[in-house]
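This report describes the fold of one protein chain, from single residues to sheets and helix packing. The sequence and the model are shown first.

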Amino acid sequence: MNGNSCEEDIRILQNNPSPLQTKHMPGNKYNCNPSTPRSRLERLLRERELRKNRSFQHLNEGELEFSGSDSFSNDGENWGTVDEDEFLEKPRTFSDSNERQEGRPSKQRLLVVANRLPVSAVRRSVDSWQLEMSVGGLVSALLGVKEFDARWIGWAGVNVSDDIGQRTLTKSLAEKRCIPVFLDEEIVHQYYNGYCNNILWPLFHYLGLPQEDRLATTRSFQSQFDAYKKANQLFADVVNNIYQEGDVVWCHDYHLMFLPQCLKRCNSNMKVGWFLHTPFPSSEIHRTLPSRSELLRSVLAADLVGFHTYDYARHFVSACTRILGFEGTPEGVENQGKLTRVAAFPIGIDSERFIRALELPQVQDHIKELKERFAGRKVMLGVDRLDMIKGIPQKILAFEKYLEENPNWRDKVVLLQIAVPTRTDVSEYQKLTSQVHEIVGRINGRFGTLTTVPIHHLDRSLDFHALCALYAVTDVALVTSLRDGMNLVSYEFVACQASKKGVLILSEFAGAAQSLGAGAILVNPWNITEVAASIGYALNMPADEREKRHQHNFMHVTSHTSQEWAATFV
């Protein structure tokens, strides 16, 4: 990324009536203005200048007051803690009448539609609900959309079959500007556990389609797809019920690929955007999906389709061209005069939250404890969900190879691997857990002593403050994802490294490699020898090179934030 401002991009467009979208996707700041028609340029420029000049005190004048990012959110990951009072505080907004009296128009509404609400509900009695926070990077990102009145639409994560429960939950969530979508257990089983997690998620991460015998517990592929379409229609019904003319609807992720078409069928003038938080596979992979054409056509009903990287956007356009026979243009995909714009919008984190956290007394205490605990040893760190795509076995095997080839380092380096359990009821994940434990045990038994072991492996998450302290004392961060939409752990590590200036070893198959590649050591996680050699290079890297690499990545992480990402897309 070259860091061009949105204003610069707009000026470029003003001087160039026919910009090539392929030049904007990979290079400028979030593709701020992908091939925008000239008639909108002046308005966009004014909006950008207003956003740039608007001070932070406007945060109290109408937008959601959700607090910071737990930004480990690519695939719904959630890390750290958040101030619940700040998150739940009711936004201090002017009523429509007051706004009109003061000559100020009411804010345009942004309807954010995702599979899950940022609030989980627990039922305490027939008509009473306890709301628990499950805050992710998307919540923080919407702090950057100051011109809009944001509302959340999604499933609350609980089955509510009775009318009283639905009414009371709807009322409770309304105070938090959230609108629930009610899904029964069978729909959740077939749509979420079945089609989303067993079909789309593996396919989009290049794991391929499951075999029929693995679908026995969720019936057949067709029943799952029918449930997927039915669930998407339920989301559309809720959106249509609250939609007002002028609202902007932002749909998120592979759970809701059918939603843009459902919405446009009801109201063709509705402004609809769709963003994918995972990779989009090559057309050769996507074409194996039985419902390939229907899903592509549904997504193309949106006005704007966004991806983390240029590669994902290119794969999508290629799939539409090869499978549907539509025309791929520099701006997106065109079908019989109807253009769907396609662009890359790499997400970021709330970097300031991590930087501020390092100054907190409790974080400083954690840092002191960790430095004492690992005094005299270099600290390597891995932070991942315990998932097939994260490449944890490959990472540990590469570390083992490095210890084999460098016996003088065996008591001078330690690998801390945080592996947060996920989908523990699925047999494949249980096998992965056993495999990782077996490898760790073998290495610790082979290279450990009575007082020290080379690998500390934790099957649990850490709270936000402990995680920041761990990032801060780390010398080498190791991200070996086999496929990852973005991987924001790499961003979080960089944000916490102002003092240490540690080295980032990053998989070339993570979306973050396209943003942080110039400052990181890029590796192919399948090449154990290459990763082991990179570990040695990182541990012995001169201070001036570490400084240069860190500054490059730190500038990117602090300037390309989640807030700017959301503001640019909207």
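## Report on the predicted model

Serine 140 lies in helix H6, which covers residues 137-141. The structure is a predicted model. With a relative accessible area of 0%, serine 140 is buried. Serine 140 is 209 residues from isoleucine 349 in sequence, while their C-alpha atoms are 8.1 Å apart in space.

**Overall figures**

The protein has 570 residues, of which 56% count as buried. Its secondary structure consists of 23 helices and 17 strands. Taking contacts between residues at least 6 apart in sequence, 78% join residues at least 24 apart. The exposed area of the protein is about 23,800 Å², and carbon and sulfur atoms supply 48% of it.

**The nine-stranded sheet**

One open sheet has nine strands in the order S5-S4-S1-S6-S7-S8-S11-S10-S9, with mixed pairing. Its edge strands are S5 (178-180) and S9 (327-328), each of which pairs on one side only. Helix H10 (residues 259-266) packs on this sheet and touches strands S1 (108-116), S6 (248-252) and S7 (271-275). The direction of H10 makes about 175° with that of S7.

Strand S4 (residues 148-155) is mostly covered, with seven of its eight residues buried. S4 pairs with S1 in parallel through seven bridges, and glutamine 108 stands opposite phenylalanine 148 of S4. S4 also pairs with S5 in the parallel sense, over three bridges. In that pairing isoleucine 153 stands opposite isoleucine 179 of S5.

An antiparallel pairing is found between S10 (residues 332-335) and S11 (residues 338-344), which share four bridges. There, glycine 332 has arginine 341 of S11 as its bridge partner.

**The six-stranded sheet**

A second set of strands, six in number, forms an open sheet in the order S14-S13-S12-S15-S16-S17, and its pairing is parallel. S14 (455-458) and S17 (521-523) stand at the edges with a single partner strand each, so one side of each has no neighbour in the sheet. On average, neighbouring strands of this sheet are turned by 15° against each other, direction ignored. Strand S13 (residues 413-420) is joined to S14 by four bridges, and the two run parallel. Leucine 416 stands opposite histidine 456 of S14.

The strand pairings with bridge counts are listed below.

| Strand pair | Sense | Bridges |
|---|---|---|
| S1 and S4 | parallel | seven bridges |
| S4 and S5 | parallel | three bridges |
| S10 and S11 | antiparallel | four bridges |
| S13 and S14 | parallel | four bridges |

**Helices H16 and H21**

Helix H21 lies across S12, S13, S15 (476-479), S16 (503-507) and S17, running at about 170° to S17. H21 (residues 528-539) also packs against H16 at an angle of about 65°, with the axes 8 Å apart. The crossing of H16 past H21 is right-handed. On the H16 side the residues that meet H21 are Gln394, Leu397, Ala398, Phe399, Lys401 and Tyr402. Their counterparts in H21 are Ile528, Thr529, Val531, Ala532, Ile535, Gly536 and Leu539.

The loop between strand S12 (378-385) and helix H16 (392-405) holds isoleucine 389. Isoleucine 389 counts as buried because its relative accessibility is 1%, and the cut-off for buried is under 20%. Its C-alpha atom is separated by 5.8 Å from that of serine 481, although the two residues are 92 apart along the chain.

**Cysteines**

How many disulfides does the structure hold? The structure holds zero disulfides. Cysteine 251 is in no disulfide, and the nearest cysteine sulfur, that of cysteine 262, is 9.6 Å away. Cysteine 251 is buried, with a relative accessible area of 0%. Cysteine 468 is likewise in no disulfide, its nearest cysteine sulfur being that of cysteine 496 at 4.4 Å. The cut-off for a disulfide is a pair of cysteine sulfur atoms within 2.5 Å. Cysteine 468 is also buried, at 0% relative accessible area.

Conventions. Residues numbered from 1 in each chain as written. Predicted model: local features only at pLDDT ≥ 70, side-chain atom pairs only at ≥ 80, totals over all residues. Heavy atoms only, no water. Buried < 20%, exposed > 50% of the residue type's maximum accessible area, 1.4 Å probe, protein only. Contact = heavy atoms within 4.5 Å. Areas by Shrake-Rupley, 256 points an atom, 1.4 Å probe, with all protein chains shown as cover. Pairing = 2+ DSSP bridges. Axes fitted to C-alpha atoms, helices over the stretch in contact; angles between N-to-C directions. Left-handed = near helix turned anticlockwise from the far one by under 90°.
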